[in-house]
Amino acid sequence: QLQLVESGGGLVQPGGSLTLSCTISGFNLDYYAIGWFRQAPGKEREGVSCISMGVMNTYYADSVKGRFTISRDNAKSMVYLQMNSLTPEDTAIYFCGALALQRVATIREACYDMDYWGKGTLVNVSS
C-alpha cells in the first residue's frame, strides 16, 4: 500500500542542476513527512532534505543548504528536490522516504530516518 517511487536521476556535470521527483501513494500525506536521503559508496545514508506534507516545514542538511530546494505538490502526491551547483560529492543514490509525523517533534528529527523507502535513483556528478 505504501509506495514511494523516485525518478529524475542521471549523469550531470559539476556545476549543473538536476531535479528529482518522488511519487507517493497509499496513505494520507497530511500525516507524513517526506524526505530525500542519499548514500554514496562506502558511506552512511544521510538525510538531505525533508518536508512535512500537512503544515509545511522543511529541513536541509548543511551540505546542501542554499543549493537544494525541496518542494511538494500535494494534489499530485509528489515531492521534488531541485539540486543546483552540483559537485562530485553529491554523487550518490538518492532515496525518497516517508515517516509518520506523530513519531517526531520536528522536521529535523524526521530527516534522521524514515519508515518507508523507495528503491532509489542514481545521481552521478561527473565530467
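Is Cys96 buried or exposed, and what is its relative accessibility? Select Cys96 in the viewer, keeping in mind that this is a predicted model, and you will be looking at a residue that counts as buried, because its relative accessibility of 0% falls under the 20% cut-off.

**First stop: Cys22 and Cys96**

Keep Cys96 selected and add Cys22, since these two residues form a disulfide in which the sulfur atoms are 1.8 Å apart. A disulfide is a covalent bond between the sulfur atoms of two cysteines. If you look along the S-S bond, the torsion of the link between Cys22 and Cys96 is -80°, and the link is left-handed. Now colour strand E3, residues 18-25, which holds Cys22, and strand E9, residues 92-100, which holds Cys96; the two cysteines are 74 residues apart in sequence, so their bond ties together parts of the chain that are separated by that distance along it. Cys22, like its partner, is buried, with a relative accessible area of 0%, so a surface display may need to be switched off before you look for this pair.

**Second stop: Cys50 and Cys111**

Next, select Cys50 and Cys111, which are joined by a disulfide with an S to S distance of 2.0 Å. Here the torsion about the S-S bond is about 85°, and the disulfide is therefore right-handed. Cys50 belongs to strand E5, residues 46-52, whereas Cys111 sits in the loop between helix H1 (107-110) and strand E10 (116-117), so this pair ties together parts that are 61 residues apart in sequence. Cys50 is buried, at a relative accessible area of 0%, and Cys111 is also buried, with a value of 5%.

With both pairs displayed, you have the two disulfides that a search of the whole structure finds. When the bonded cysteines of the protein chain are numbered in sequence order, their pairing reads 1-3, 2-4.

**Third stop: Thr121**

Finally, move to Thr121, which lies in strand E11, residues 121-125. What is the relative accessible area of Thr121? The value is 12%, and Thr121 is therefore buried. Show its side chain together with the backbone of Gly9, and you will find a polar atom of the Thr121 side chain 3.1 Å from the backbone nitrogen of Gly9. To see what surrounds Thr121, select the residues that it touches, leaving aside those up to four places away in sequence: they are Glu6, Ser7, Gly8, Gly9, Leu20, Ala92, Ile93 and Tyr94. Among these contacts, Leu20 falls within the residue range of strand E3, and Ala92, Ile93 and Tyr94 fall within that of strand E9.

Note on methods: Residues are numbered from 1 along each chain as its sequence is written. This is a predicted model: local features need pLDDT of at least 70, side-chain atom pairs count only at pLDDT 80 or more; totals for chains, interfaces and linings use all residues. Side-chain values use heavy atoms; hydrogens and water are left out. A disulfide is a pair of cysteine sulfur atoms within 2.5 Å. Helices (H or I, at least four residues) and strands (E, at least two) are DSSP runs, numbered from the N terminus. Buried means under 20% relative accessible area, exposed over 50%, partly exposed in between (1.4 Å probe, protein chains only). A polar contact is a pair of N or O atoms within 3.5 Å; within protein, one must be able to donate a hydrogen and the other to accept it, and residues adjacent in sequence count only if both atoms are side-chain atoms. Contact means heavy atoms within 4.5 Å.
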